[in-house]
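Reader: I've got a model open and would like to talk it through with you. Could we go over it piece by piece?

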Amino acid sequence: DIELEYVDALELNGQTYMAFFPVVEEDEDPDAEDLGLVILKSVMENGEEMLSTLDSEEELEKVYDLFMEQLMEEEENS
């Protein structure tokens with residue numbers, strides 16, 4: 001189990017994607033290799049909203065690039 005911190009969301013082609021960063025505990029190494037942006041998509045399953053992994057590497061790359069652009073714009077505007 002990992003704990004995630006919500007970063008942002010975006011919509012692309014009618015699909016909602018959400019970005020998270022893993023929460024790092026004080027006693028953990030903040031430079032651990034497995035830390036990075038986690039992207040999940042919102043899907044409806046049996047009438048409930050669930051988070052799911054993306055279907056393909058291409059989808060992941062496209063959405064990751066969009067999130068990075070959005071984060072860079074937010075940093076420039078702050």
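Reader: Let's dive straight in: which residue in β4 does Ser42 stand opposite?

Author: Bear in mind that this is a predicted model. Strand β3 covers residues 38–45, and β3 pairs with β4 in the antiparallel sense over five bridges. Strand β4 takes in residues 48–52. The residue in β4 that stands opposite Ser42 is Leu51.

Reader: Okay, zooming out, in what order do the elements of the protein run from the N terminus on?

Author: The secondary structure comes to one helix and four strands. The helix, α1, spans 57–77. From the N terminus on, the order is β-β-β-β-α.

Reader: And which are the edge strands of the sheet?

Author: Strands of a sheet pair through backbone hydrogen bonds, either parallel or antiparallel. Here the four strands make an open sheet ordered β1-β2-β3-β4, with antiparallel pairing. Pairing on one side only is what marks the edge strands, β1 and β4.

Reader: What angle does the direction of α1 make with that of β1?

Author: Within the sheet, neighbouring strands are turned against each other by 30 degrees on average, direction ignored. The helix α1 packs on that sheet and touches β1, β2 and β3. Its direction and that of β1 make an angle of about 105 degrees.

Reader: Now the inside. Which elements give two or more residues to the largest nonpolar core?

Author: That core has nine residues, among them Leu10, Tyr17, Ile39 and Phe67. Ile39, for one, touches Tyr17, Met18, Leu54, Leu60, Val63, Tyr64 and Phe67, leaving out residues up to four places away in sequence. The elements that supply two or more core residues are β1, β2 and α1.

Reader: I'm a sucker for ring geometry. Why is the pair of Tyr6 and Phe20 called edge-to-face?

Author: A pair of aromatic rings is described by the distance of the centres and the angle of the planes. The count comes to one aromatic pair here. Its rings, on Tyr6 and Phe20, have centres 5.9 Å apart, and their planes stand at 70 degrees. Planes over 60 degrees apart qualify, so the pair counts as edge-to-face.

Reader: How many residues apart in sequence are the parts that this pair ties together?

Author: Tyr6 sits in strand β1, residues 4–12, while Phe20 sits in strand β2, residues 15–22. Tyr6 is partly exposed at 48% relative accessible area, and Phe20 is buried at 9%. Because the two rings lie in those two strands, the pair ties together parts separated in sequence by 14 residues.

Reader: What distance separates the C-alpha atoms of Gly36 and Phe20?

Author: Gly36 belongs to the loop between β2 and β3, and is partly exposed at 26% relative accessibility. Neighbours within four places in sequence aside, Gly36 is in contact with Phe20, Phe21 and Pro22. Gly36 and Phe20 are 16 residues apart along the chain, and their C-alpha atoms are separated by 8.5 Å.

Reader: Last one, on backbone torsions: what value is phi of Asn46 near?

Author: Asn13, in the loop between β1 and β2, has a positive phi near 50 degrees. Asn13 is exposed at 72% relative accessibility. Asn46 is in the loop between β3 and β4 and is exposed too, with a relative accessible area of 80%. Its phi is also positive although Asn46 is not a glycine, with a value near 55 degrees.

Technical notes:
Residues numbered from 1 in each chain as written. Predicted model: local features only at pLDDT ≥ 70, side-chain atom pairs only at ≥ 80, totals over all residues. Heavy atoms only, no water. Phe/Tyr/Trp six-rings, centres within 6.5 Å; stacked < 30°, edge-to-face > 60°. Buried < 20%, exposed > 50% of the residue type's maximum accessible area, 1.4 Å probe, protein only. Core = buried A, V, L, I, M, F, W, Y, C linked by side-chain atoms within 4.5 Å. Contact = heavy atoms within 4.5 Å. Pairing = 2+ DSSP bridges. Axes fitted to C-alpha atoms, helices over the stretch in contact; angles between N-to-C directions.
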